[in-house]
Amino acid sequence: MLKVVDTQLGPLHITWRRGARHISFRPLRTGEGFSITIPAFVSAKGYQSIVEQLRPRLLVLKAEREKLSPVCLLTPSCHLDVPDFSLSWQSYTGHLIRFRMEQEHLTIFYPPSLSFSLAEVQQSLVCHIERALFLRAKDVLPLRLSELAQQRGLSIRHIQIRKTRSRWGSCSSRGHISLSLYLLLLPLHLQEYIMHHELTHLMEMNHGPRFHTILNEVLNGKESAFREELKGYDTNIFSAIQEVQV
């Protein structure tokens with residue numbers, strides 16, 4: 001892997017991969033910069049021309065992400081309290097940030113002298129919060145999906161929890177359903193709306209009239225209302241953060 005810093009795009013992690021036929025890219029987990037995967041037959045110097053080819057698209061994506069970025073930092077005034085996950089902070093006399101997960105609750109222990117404005121501090125906090133969300137999602141979401149499937153007499157071959165930002169869920173023709181861990185940020189009725197949407201794909205793989213007829217019937221005529229309500233949510237954890245005075 002080659003790590004470089006581009007003045008416009010930020011950190012770039014360039015990886016050459018055997019068997020890759022196409023160039024692919026994705027945002028880095030840190031929230032800034034991109035990971036770019038290049039076929040192994042491209043020379044080490046060739047990555048520069050590839051970056052230039054991708055630059056217009058990456059700049060557009062960077063601008064979109066910055067538009068959605070939070071204007072505040074993660075600090076002890078930020079709390080997260082959704083149906084199956086909550087976050088709180090506690091000052092202690094140590095020197096390192098520590099994390100303790102107990103069922104659905106994550107406690108962050110921090111030294112009073114901690115500089116929350118440091119990029120590496122923010123990256124560590126986001127990484128650990130999302131890791132805790134992932135573990136909680138694995139405990140909660142498959143069980144909830146399985147219960148809904150059983151109620152409808154449907155059979156799921158495999159359930160996977162993924163860190164997917166582009167979509168809330170997906171269903172393959174083989175009966176494999178993937179759910180984004182960020183479903184935990186949604187109210188329970190919207191979680192179930194998405195789950196019913198993917199379960200309906202076990203009966204109808206496309207989004208034709210029959211699909212919507214089945215889904216709308218399962219949702220007691222509320223499919224359109226739920227779809228509109230879901231537009232007010234996204235997969236950014238900061239969208240669910242609340243600031244309170246401490």
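I'll start with one serine: S77 is buried, with a relative accessible area of 16%. Buried here means under 20% relative accessible area, exposed means over 50%, and partly exposed is in between, with a 1.4 Å probe and protein chains only. S77 sits in the loop between α1 (47-68) and β5. Its side chain makes a polar contact with the side chain of T75, at 2.8 Å. A polar contact is a pair of N or O atoms within 3.5 Å; within protein, one must be able to donate a hydrogen and the other to accept it, and residues adjacent in sequence count only if both atoms are side-chain atoms.

Before I go on, a word on the model. It is predicted, and local features need pLDDT of at least 70, side-chain atom pairs count only at pLDDT 80 or more, while totals for chains, interfaces and linings use all residues. Residues are numbered from 1 along each chain as its sequence is written, and side-chain values use heavy atoms, with hydrogens and water left out.

Now the overall picture. The chain has five helices and twelve strands. These are DSSP runs numbered from the N terminus: helices are H or I with at least four residues, strands are E with at least two. The C-alpha trace spans about 55 × 50 × 30 Å along its principal axes. Of the 246 residues in the chain, 45% are buried.

Next, strand β8, residues 105-110. Five of its six residues are buried, so β8 is largely enclosed by the rest of the structure. Which strands pair with β8? Strand β6 (residues 85-91) pairs with β8 in the parallel sense, over six bridges. Strand β7 (residues 98-102) runs antiparallel to β8, and five bridges join them. Pairing here requires that DSSP finds at least two bridges between the two strands. On the β6 side, Q90 stands opposite F109. On the β7 side, M101 has L106 as its bridge partner. β7 and β8 form a hairpin with two residues between them, and Q103 in the turn has a positive phi of about 55°.

On to charged pairs. A salt bridge here is a side-chain nitrogen of Lys or Arg within 4 Å of a carboxyl oxygen of Asp or Glu. By that rule there are nine salt bridges.

One of them joins the side chains of R144 and D84, at 3.1 Å from N to O. R144 is in helix α2 (residues 119-152) and D84 is in the loop between β5 (78-82) and β6, so this pair ties together parts that are 60 residues apart in sequence. Are these two residues buried or exposed? Both R144 and D84 are buried.

Helix α2 also supplies E130, whose partner is K163; the closest N and O atoms are 2.7 Å apart. This pair too links distant parts of the chain, 33 residues apart, with K163 in the loop between β9 (158-162) and β10 (169-171). The two ends differ in cover: K163 counts as partly exposed at 32% relative accessibility, whereas E130 is buried at 4%.

For a local case, take E223 and R227, with closest N and O atoms 3.1 Å apart. Both lie in helix α5 (residues 223-230), four residues apart, about one turn of the helix. E223 is buried at 5% relative accessibility, and R227 is partly exposed at 35%. Elsewhere, salt bridges that share partners join D6, E52 and R55 into one network.
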